[in-house]
Amino acid sequence: MATIHFNILSILLLIVAFPYTEADYNIVPKTTEKKIEVVVESIVYCQSCEHLGTWSLNGAKPIPSAKASVTCNSHKGHVSYYKVFETDKNGYLYAPLEGFKMENYLLDHPLHSCYVKPIWSPLESCNLLSNLNYGLNGALLRFENKRLRGSKYEAVIYAAGPLAFRPSDCAQVHY
């Protein structure tokens, strides 16, 4: 019995005296974590005069270089992310939310906490905000099962909108 206690005590002393670390022996290969990004996409349009007051995009034209903001709130009601993005030449908004963090996975999830608002149009003839897809208060995000994958990268893409501005000088408004 004393021999068993001595053996256990000897092993414990060896472990304490010579601790094993992976870095010392390089036995375990280093793995790189796959980076997962959150991306929001939308298209910003100029709504035609014929469809003012509706959510119709018939006759609408995409707005290049329009600006839209992405805002995310924490489950405590504080703004946890805010950034302004610019559309490309086709009015397409691709907004990678670099630095976006979720304090609570369920409550701070982008579907629950983020929204997109159109904020500026470069077109003087079409620069009034429209409430298409609730753009005035912020269009909520939708998950459409869209992802971009690479060996060390994955982007989960959420959609918002489409969003629109409207002309200020429509002579005839049809409802």
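This is a short tour of the structure in your viewer, from the whole chain down to a few pairs of charged side chains.

**Start with the whole chain**

Keep in mind that you are looking at a predicted model. Switch to a cartoon view and colour by secondary structure: you should find three helices and ten strands. Now follow the chain from its beginning. Two helices come up, then five strands, then another helix, and the path ends with five more strands, giving the pattern α-α-β-β-β-β-β-α-β-β-β-β-β.

Next, turn on the surface. The chain exposes about 11,600 Å², and carbon and sulfur atoms supply 58% of that area. Of the 175 residues, 35% count as buried. Hide the surface again and think about which parts of the sequence touch. Among contacts between residues at least 6 apart in sequence, 63% join residues at least 24 apart.

**Stop 1: a bridge between distant strands**

How many salt bridges does a search of the whole structure find? There are four, and you can visit them by showing side chains as sticks.

Select lysine 146 and glutamate 41. These two form a salt bridge, and their closest N and O atoms are 2.8 Å apart. Colour the two strands to see what is being linked: lysine 146 sits in strand β8 (residues 139-149), while glutamate 41 sits in strand β1 (residues 35-46). The partners are 105 residues apart, so this pair links distant parts of the chain.

Is glutamate 41 buried or exposed? Its relative accessibility is 9%, and because buried means under 20%, glutamate 41 counts as buried. Lysine 146, by contrast, is partly exposed, with a relative accessible area of 37%.

**Stop 2: glutamate 144 and arginine 142**

Now select glutamate 144 and arginine 142. Their side chains meet in a salt bridge, at 3.1 Å from N to O. Glutamate 144 is partly exposed at 45% relative accessible area, and arginine 142 is partly exposed too, at 35%.

**Stop 3: a small network**

For the last stop, select Arg147, Arg149 and Glu154. Which residues are linked in a network of salt bridges here? The answer is these three: Arg147, Arg149 and Glu154.

Zoom in on one of the links. Glutamate 154 forms a salt bridge with arginine 147, and the closest N and O atoms are 2.8 Å apart. Compare how covered the two partners are: glutamate 154 is buried, with a relative accessible area of 11%, whereas arginine 147 is partly exposed at 35%.

Definitions and conventions: Residues numbered from 1 in each chain as written. Predicted model: local features only at pLDDT ≥ 70, side-chain atom pairs only at ≥ 80, totals over all residues. Heavy atoms only, no water. Helix = DSSP H or I, 4+ residues; strand = E, 2+ residues; numbered from the N terminus. Buried < 20%, exposed > 50% of the residue type's maximum accessible area, 1.4 Å probe, protein only. Contact = heavy atoms within 4.5 Å. Areas by Shrake-Rupley, 256 points an atom, 1.4 Å probe, with all protein chains shown as cover.
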